[in-house]
Amino acid sequence: MSLDWKQTDIVFVDQPALGAAERLYLPQIWGGMKTTLRHMFKKALRDRTVVQYPEQERPLRVEIYRGVHRLNRDEDGRVACVACFMCETACPAHCIHIEGAESPWADREKYPIKFDIDELRCIYCGMCEEACPVDAIELTPEFKLVGKSREEMIFDKEKLLMVYEQTKNLKPRKDPAITGYPETGHRDRVP
Amino acid sequence: MADTVLESRPDLNLDVVRDEIGDVRTEEMLVNMGPQHPSTHGVLRIVLRTDGEMVLEAVPHIGYLHRCAEKIGENVAPYQYIPYTDRMDYLAGMNNNLAFSLAIEALTGLEVPKRAQVIRVIFAEMNRIASHLVSMGAYGLDMGAFTPFLYAFRERERILDLFEASCGARLTYSYITIGGVTDDVPERFIDVCREYLDYFEPKIAEYNNLLSFNHIFVKRTANVGIISAEKAINWGLSGPSLRGSGVKWDLRKVHPDCGYDEYDFDIPVGQGLKGQLGDCWDRYFVRIQEMQQSVRIVRQALDKLAGTPGEYKHKSGKSVKLPKDEIYYEIEGARGQLGFFIQGDGSQIPYRVKARGPSYCNLSITNEVVKDCLLADVPAIIGSIDVVMGEVDR
Ligand code: SF4
Ligand code: SF4
């Protein structure tokens with residue numbers, strides 16, 4: 001590991017002499033504290049910045065946040081997916097598995113009998129949503145995802161449809177135009 | 001090497017000194033710093049050979065975060081690889097997206113719409129600010145100042161809000177993609193962004209008051225870990241770590257892509273203000289000044305965005321076929337020169353992808369700088385080189 005060093009490569013630097021005040025460092029600490037204290041007593045600023053997480057929550061910009069997937073239902077309550085496999089092809093993490101079957105409805109040829117997304121493998125890139133021609137698969141703003149086992153985190157068709165039921169008020173199918181911005185700071189949790 | 005040092009500085013020969021004054025003789029010891037050490041910024045493990053307080057040798061051990069990122073690139077189409085580039089330098093995802101997109105575009109000759117180029121510059125520079133904020137805050141933390149870290153994160157949060165509004169993610173953006181950006185900027189973006197810049201710019205002076213010129217901080221960083229310009233070039237440093245040594249080299253000026261030549265900005269370099277040129281403080285301060293310059297660029301780009309309507313994305317960005325050719329393309333990322341080597345074989349999927357992460361090359365100088373300094377200076381030096389382990393290990 002050792003290299004030959006030339007004498008000229010080595011730089012020696014002398015420590016600057018310190019005055020008595022500097023040696024105490026107290027003025028410097030006070031100088032730093034001034035800024036800190038100024039911020040500490042600005043309550044409005046603090047409230048806009050600090051989020052006491054489990055009690056309070058930060059408003060997310062609900063419409064386009066890339067969280068847990070859902071499988072949309074169409075106007076008649078049927079699963080909107082037509083099993084075209086576009087999302088499965090587009091997925092960079094290869095975490096979507098679909099099995100299509102002959103559709104019982106007249107207006108489409110196929111529908112999925114099996115639709116699994118491995119939420120642990122997913123990288124939440126949103127490419128499935130982008131690829132879907134009928135806006136059947138969408139990412140929701142739901143980001144709190146808990147499970148006790150790996151199997152539990154593989155979301156099947158029923159579970160994905162359930163997520164749709166839970167989030168359809170938050171984000172309508174086929175996103176509307178986006179105008180809002182997330183606000184920094186908290187909002188009291190809505191019970 | 002040790003002989004040279006001892007000859008010129010007999011006071012460094014601790015054993016001799018201790019013998020003379022009858023102090024205890026010390027032994028060499030191997031100390032493991034990391035991978036869970038808080039000031040190694042991620043999972044960096046450094047094996048230090050120490051003699052008392054002196055570090056004789058420092059060997060970085062890497063690989064804890066290895067995810068075969070390059071191999072993955074050889075199995076997915078270029079647009080699908082964009083999310084993986086996010087995870088390399090996770091503090092500056094936009095810059096990684098940009099580097100890979102530019103490489104593919106240069107290889108395939110894809111034309112990027114004017115508006116997309118302006119949006120790219122805005123987001124790359126905003127991400128540079130966000131990344132330098134983390135770097136600055138964490139560096140303060142390493143040096144024992146907790147407050148700047150919180151302030152830096154507060155400011156960064158608002159940048160992430162803007163990113164979230166544009167692409168729906170706060171860390172792994174995948175926003176800049178082959179042929180443009182995935183979506184146009186949201187409504188009122190220009191106003192909101194400008195409002196942020198007005199808020200942010202005075203904060204830089206506050207950081208300077210709080211941290212940069214604080215005597216305690218200066219004492220810990222000035223004259224520590226000096227890298228001369230020659231040494232910096234020889235070890236292939238880039239980014240703020242190179243410019244901290246006084247070398248005026250920035251790819252945004254050298255080969256301006258994305259229309260960087262149309263913006264008016266300076267390249268801050270280290271000047272040895274607080275000590276020897278190329279010390280930790282210089283590298284730190286280059287980042288602070290770079291934030292200022294990025295603000296300047298974003299302001300100009302926002303003006304430009306208002307007057308550049310049109311497409312934000314090339315239609316065939318997702319279906320590009322890579323020719324039987326190869327390319328190496330570099331941009332100035334937040335930490336230095338970030339490059340991608342891509343070899344195509346006529347299909348949609350690259351035959352070979354290789355990334356040059358600036359953190360990886362910058363980290364290589366560790367042993368050179370860290371040896372023969374005090375143990376307490378090690379975090380100061382590593383923090384000032386500012387490595388992101390996600391990029392080192394890839
Ligand atoms: S978000 Fe990305 S990784 Fe996740 S399922 Fe969709 S395409 Fe695959
Ligand atoms: S792209 Fe849409 S319609 Fe096609 S399989 Fe996926 S979810 Fe179903």
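In what sense do strand S2 and strand S3 of chain B pair, and over how many bridges? The first legend has the answer; keep in mind that every view here comes from a predicted model.

**View 1. Strands S2 and S3 of chain B, side by side.** S2 covers residues 45–51 of chain B and S3 covers residues 54–61. They pair in the antiparallel sense, over seven bridges. To pick out one of the bridges, look for B:Thr50, whose partner in S3(B) is B:Val55.

**View 2. The open sheet of chain B that holds this pair.** Step back a little and four strands show up, in the order S1-S2-S3-S9, with antiparallel pairing. S1 (28–33) and S9 (373–374) of chain B are at the edges with a single partner strand each, so one side of each has no neighbour in the sheet. As for what holds such neighbours together, strands of a sheet pair through backbone hydrogen bonds.

**View 3. Where domain 1 of chain B meets domain 2.** Chain B splits into domain 1 (2–61) and domain 2 (70–393), and their C-alpha centres are 33 Å apart. The contact draws on 19 residues of domain 1 of chain B and 18 residues of domain 2 of chain B. On the domain 1 side, S2 and S3 of chain B are the elements that give two or more residues. S3(B) gives the most to that side, with seven residues. Sorted by class, the domain 1 side has twelve nonpolar, five polar and two charged residues.

**View 4. The largest nonpolar core.** This core has 110 residues, and B:Ala99, B:Ala103 and B:Ile381 touch the most other members. Helix H6 (residues 114–142) of chain B gives the most to the core, with 15 residues. Both domain 1 (2–61) and domain 2 (70–393) of chain B give residues to this core, so it lies between them. Zoom in on B:Ile381 and, leaving aside residues up to four places away in sequence, you'll find it touching B:Val224, B:Gly225, B:Cys280, B:Val369 and B:Val370.

**View 5. Another core, apart from the largest one.** This core has 25 residues. Among them are A:Cys81, A:Ile96, A:Val163 and A:Tyr164.

**View 6. The surroundings of ligand 2.** Which residues come nearest to ligand 2? Of the 13 residues around it, they are A:Cys81, A:Cys84, A:Met86, A:Cys87 and A:Cys132. The shell has 13 nonpolar residues, with no polar and no charged ones. You've already met A:Cys81, as one of the residues of the core in View 5.

Definitions and conventions
Residues numbered from 1 in each chain as written. Chains lettered and ligands numbered in written order. Predicted model: local features only at pLDDT ≥ 70, side-chain atom pairs only at ≥ 80, totals over all residues. Near = placed C-beta within 6 Å. Nonpolar A, V, L, I, M, F, W, Y, C, P; charged D, E, K, R; others polar. Pairing = 2+ DSSP bridges. Domains from an automatic or database assignment. Contact = placed C-beta atoms within 7 Å. Core = buried A, V, L, I, M, F, W, Y, C linked by C-beta atoms within 7 Å. Buried ≥ 20, exposed ≤ 12 C-beta atoms within 10 Å, placed from the backbone.
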